[in-house]
Amino acid sequence: MRKWNMIIDVRNCEDCNSCFLACKDEHVDNDFPPYSSSQPKHIHRWINIMRKERGQFPLIDVAYLPRPCMHCDDAPCIKHAADNAVYKRDDGIVVIDPIRSKGQRNLVQSCPYGAIWWNAEKGIPQKCVFCAHLLDDGWQKSRCVQACPTGALRMLHVEDSEMEKIIQDERLEVLYPEYQTKPRVYYKNLYRYMKCFIAGSVASAHDGIEDCVNGEPVVLYHEGKKLQEARTDCFGDFKFDDLDPDSGLYTIRIGFEKRAVVKEVNLEQSCSIEKILI
Amino acid sequence: MQAKDKKIPKMTFFAALLGLEKMLKIQARRHIEIREFMKQKNCCIQIKLKDNSQGRYFIFNNGNVCSKNGIHPHPDAALIFYDAETAVALMMPGHTQLDQIHAMKNFKITQEGPEELTMWFARLGQMLITVGQYQHYGVDIGNGVMKYTNGTVAGPVFVYVKNGKILRITPIEFDNIDADSWTIKARGKEFTPPRISTLSPHGYNFKSQVYSPDRLLYPLKRVDFNPTGERNCQNRGVSGYERISWDEALDIVAGEIKRIKREYGPSAILQSTGSHHTLGNLGYFMSAQRRFMNLIGHTFVLQNVDSWEGWYWGAMHHWGGSMSLGAGDPSGCVEEALKHCEMMIFWSSDPESTNGAYGGMEGTIRRLWLKDLGVKFVHIDPYYNHTAALLGGKWIAPRPDYGNALSLAIAYVWITEDLYDKEYVKTRTTGFDEWKDYVLGREDGILKTPEWQEKETNVPAKDVRALAREWASKKTFLGVGGMGCTLGGACRAATGIEWARSMVYLMAMRGLGKEGVSLGNMQVTTPVDFTFFFPGYTEGGFSGDLAQTGLAINMYQKMPQLPTINPYYRQMVPRINVPEAILEGKCKGYGNIMDAKSIEHQFQTYEYPQQGYSKIKMYYRYGGSFIGTMPESNRYVKAYKSEEVEFVVNQSIWLEGEAKFADIILPACTNFERWDISEASNPGGYGAGLFSQLNHRVVTLQHKCIEPLGESKSDYDIFFELAKRLNLAGYYSEGCTELDWVKRTFDASDLPRYISWKDFMKKGYFVVPAPKEGLTQKPAYRWFAEGRNNDEYKMGPLAADFKDGMAYEGLQTPSGKIEFVATTLKRYDPDDRERPPMSKYIPSWEGHHVTDLLRKYPLHLITPHARYTFNTMNDGKGSCVNDVKDHRVLIDGYYYWIVRMNNKDAMARGIANGDLVKMFNDRGAVICAAQVTERLPHGTVHSYSSSAVYDPIGEPGSSPDRGGCVNTLTPKRPIISRSSSTAANSCLVQIEKWRGA
């Protein structure tokens, strides 16, 4: 049995909002019984794009994390629903029945991902349905995926075994695995949003003139172990990424043996070290 | 013999007239639309020869027709041919549109009687020709859903319609029948684009805007406006509106047009539109609107090059390109970059936000290809923009008024470290030694070192040195502005001229045109077919305007039409000085961009009022954008209150911005509610070839997907209804409906060579096949760098600007070379201190050197083109776009515009993310939501231009605006005094926490 999965590559999301607006285009003012009732024009974010800025001016980066319904295989909303108001289809898609779910506001809180929205006017909980009405009509993808110009959003209709292989090959992760809900939405390059970096710029001064230091080795140590190595680029910049937030003390050693400069960073959030002179 | 010959046409004319009656009867029996149309009038129409020697009259009665040979003594209307030859030629099959227009232009066919009848009869005649051609359109996909097509500023779209309502609007995914895509082979790989026409993000908002609560659904009149009594001009923008009928509205507008013309003359009618319209070669403002306005005469509002300023007023003098308004040539750069680019510098260039104006998200995939190839990226912009965020690389963040300081320092490094192309500079440029002396401080004693620039730009000297060296060591593309060859926020500033020309200088020092030394940011010049002809919208549609559109070049021949001329074209008002024209009664403009045929055209001036012409008494405004888009825009608000302007009519789709200042509002419909035809991203004119920012050229039939909402009408029909009241309907329409003009445009293009009208009506779009290998564009300036004549000549410069005629030697500059010291500026004014013939460092007149002002307003505001709306077109309107997190923020039930500011600046003012703040200076105040960020340097704040919502909390024009029109804060002062230009990005402000009025 082939099932639907979504893969979201954080590296390629630029917050263009094509997905968000395409979702609105599809669902605002449109009822698709029995799949979904129309989405309110405002407030609801069936795909919710989160922003994360990392570091300090000017060594920063920005990542975006689109969050649709995770279509969990072990979905808390299904367990919390009365009257079978939420069900999982054989193809993996989780649907909130727009009629049976009436009045079940508790479903909003049941989702640890915050993917369920309350429609006050209609008195129903609502969320992304992977545009199941379109998939059943022969579409190969949902509106948000069609609208994505960078390929950051993809949809795969594959056997679970095949998906397992793709997860391995592309090193996919789920968001907040600790929730243990078995999402069918997978992320690539999630570290860009979830993890931290330590970055810096290395320069040297001669006769009062500063220059960027190109090709300088920089080594990152943590808990007495060498963690990562890098070389500065032509602007003297280096960056160690994929570090856990609030993960304690890091030591950075810049330069060759004799003239090495050592910096220490107590990592809470991403950190851009001001100019390092060697 | 002669007499006998003359008899033959007369006999044929007799037969044709007899045949006409038969034809009418047969077609009325066959086609319900003709039957119904014929029922509209009971009348007697005479067709005859001018000398009354022959004729036949047709009597229409309750849908029946009969005719009689001879001349009726009192026909209701008459169609008169000069002679039988003319009549026969035009009545028999086989005649061309040109034959008909030629006869009309030379008065060999005329009409008599009320226009209501002559128009009706002309349309009936047109229907006989076209009947059956318009019946079937769109694709039925089952379940009562029709799939139509349309063209938008965001890209071409499918429109799904059910029960007369738009269900969804999607990009067009190409099918197997559509032409193959191009493939570029580079670095051992093959690159071919996805088979879809991407949309700019705002394209997904269209359905929401069509059904916007702000839609104008019926004509409105300001409650205290009385055209025959008290006009209460002072209450414009304050008083409310009442619904009136179309007849009443049209009668008032037509009546005012007649009255104003009688009392003051046509030049008393001022007319203006926004820079862009809803798409369609017929509905576009350079088509229907222009045709109507030319027919009534008017004073024209001349647009300045508000997105191109520095290129137009500066760069053009150094490398030519007047017909592209000073832009560089980016030809072939996509292929060239994939093959050779090692580093790409985005300088004031954020294509991921500006989408090349009409470019959808087509360039994005191409930039990601470069990223995957490992090309290095550098981004120079005060804002860590979205292109930087997507692609990564080095961010260099100068303060906004850096002008050419950074460029000077780069040149300093290249000169002192011997890192520039000396041979190229010697043979392909002039005046370099003077520039070199200036850079080295021999002229003013200031060495333009990286350390010197650091004081002006806040960019560390070491970074500039590193950039200069890296640039010199790698095959580097310079992507300037959103297009990669023009535009960019840096050109719209007090320092914009110096910035833009310094870009030319740097490229000259690198050897522009050599392998890997190119302009471009992958936004334009994909290898599409440039020879397939479909007219761009500046080619004038059916405007008939040979002077102010590009009609004369192709379309006047290919789609013959009656010419129209505004006889009062000498009187023009620069768009940025409309308020001065009204409030001060005079103003002066520089540089008519409609006349950009030579470099020197820019020096022309035009004054308002012209001697003996009338001043403005009536304003026919289309849409409501200027408060959101023009500098110091409270001026526009104040101008509306002037009693000098006796009548203001606004034709608009939505009740927003300036529309709320009109006396009468005429509700227009969107492009989804009318017939039209267009090619995606094809402006033509100074945007010639801009379709090459798309991966596929796509021409769409713009199906009338739904009926106009409420009582709204298409622009074509509104002008037609007005024309009827002014006895201009025949001239305006040539007896054609919108769809007739669509068909004529189709016939005039290259489409019929590839697709039948029937198939085009059904499918709705056509993908132009990519050219064969060997027929794609060569890299721009390659001929120039290699010392050949221009073997890639495109339209412009004109023949006269070549020293050797059509051998195409050299650039458009007087020397034919890149000029460090511009000959044209030397001739104009060699002692100009604002714009010397050679670029120098000139501090901004509203920047960090203006210390008094800086103490009061210490933050430098930049106002780039907005990301989620195309100017004001997609913003507000109670639509879905308001919920885009980085567009507006919902606070206490109101969607506020965003101002972005650095953490330090926010902290110093006690401002937290999401707080409401007041941003202000002497020119105005705007209430915004603060977004606190590290994406800006300390001291610089960022808020997009182009809010569609103007919502003053008190007196309009002098109270804080909570709609987000940040252009109420930007200066009206032109970049240099002898220009009509905007320096919107030179704006000092203060921000404080907003605690309510």
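1. Start with confidence: pLDDT is the predictor's own confidence in each residue, on a scale from 0 to 100. What you have here is a predicted model, so keep that scale in mind as you click around. For chain B the mean pLDDT is 96, and 99% of its residues reach 70 or more. As for the complex, the predictor gives an ipTM of 0.98 and a pTM of 0.97. The usual caution applies: where pLDDT is low, the predicted coordinates should not be read in detail.

2. Next, the place where the two chains meet. Chain A puts 36 residues into the contact, and chain B puts in 44. On the chain A side, at least two residues each come from helix 1 (18-27), strand 2 (48-56), strand 3 (59-67), helix 5 (143-147) and strand 11 (209-212). Which of these elements gives the largest share of the side of chain A that touches chain B? That is helix 1 of chain A, with seven residues. By character, the chain A side splits into 16 nonpolar, eight polar and 12 charged residues.

3. Now look at the open sheet in chain B. Five strands make up this sheet, in the order 6-7-8-9-12, and their pairing is antiparallel. Strand 6 (139-140) and strand 12 (196-197) of chain B are the edge strands; each has a single partner strand, so one side of each has no neighbour in the sheet. As a reminder, strands of a sheet pair through backbone hydrogen bonds, either parallel or antiparallel.

4. Walk across that sheet from the strand 6 edge. Strand 6 of chain B is joined to strand 7 (residues 145-152) of chain B by two bridges, and the two run antiparallel. One pair to find on screen is B:Asp140 with its bridge partner B:Met146 in strand 7 of chain B. The hairpin of these two strands has four residues between them, and there B:Gly142 takes a positive phi near 90°.

5. Carry on to the next pair. How many bridges pair strand 7 of chain B with strand 8 (residues 155-162) of chain B? Eight, in the antiparallel sense. Within this pairing, B:Thr149 has B:Phe158 in strand 8 of chain B as its bridge partner. The hairpin that joins strand 7 to strand 8 of chain B does so through two residues.

6. At the other edge, strand 9 (residues 165-173) of chain B is joined to strand 12 of chain B by two bridges, again antiparallel. Here B:Ile172 stands opposite B:Ser197 in strand 12 of chain B.

7. Two helix pairs in chain B deserve a look. For the pair formed by helix 9 (residues 309-319) and helix 19 (residues 496-510) of chain B, the axes come within 7 Å and cross at roughly 40°. Helix 9 and helix 19 of chain B are therefore oblique to each other, and the crossing is right-handed. Helix 9 of chain B brings residues including B:Trp311, B:Trp313 and B:Trp319 to this contact, while helix 19 of chain B brings B:Trp499, B:Arg501 and B:Met503, among others. The contact residues of helix 9 and helix 19 of chain B come out as nine nonpolar, four polar and three charged.

8. The other pair is helix 17 (residues 450-457) and helix 18 (residues 461-473) of chain B, packed at an angle of about 120° with their axes 8 Å apart. Helix 17 and helix 18 of chain B are therefore oblique to each other, and their crossing is right-handed. From helix 17 of chain B, the residues B:Pro450, B:Glu451, B:Gln453 and B:Glu454 meet B:Ala461, B:Val464 and B:Arg465 of helix 18 of chain B. That contact divides into three nonpolar, one polar and three charged residues.

9. Last, some backbone oddities to check by eye. Most residues other than glycine have a negative phi, and most peptide bonds are trans. A cis peptide bond joins A:Pro33 and A:Pro34, with omega about 0°; A:Pro34 sits in the loop between helix 1 and strand 2 of chain A. In chain B, the bond from B:Tyr608 to B:Pro609 is cis, with omega near -5°, and B:Pro609 lies in the loop between strand 25 (605-608) and strand 26 (618-622) of chain B. A:Lys182 is not a glycine, yet has a positive phi of about 55°. You will find A:Lys182 in the loop between helix 6 (160-169) and strand 9 (185-188) of chain A.

Definitions and conventions:
Residues numbered from 1 in each chain as written. Chains lettered and ligands numbered in written order. Predicted model: local features only at pLDDT ≥ 70, side-chain atom pairs only at ≥ 80, totals over all residues. Axes fitted to C-alpha atoms, helices over the stretch in contact; angles between N-to-C directions. Parallel < 35°, antiparallel > 145°, perpendicular 65-115°, else oblique. Left-handed = near helix turned anticlockwise from the far one by under 90°. Contact = placed C-beta atoms within 7 Å. Nonpolar A, V, L, I, M, F, W, Y, C, P; charged D, E, K, R; others polar. Pairing = 2+ DSSP bridges.
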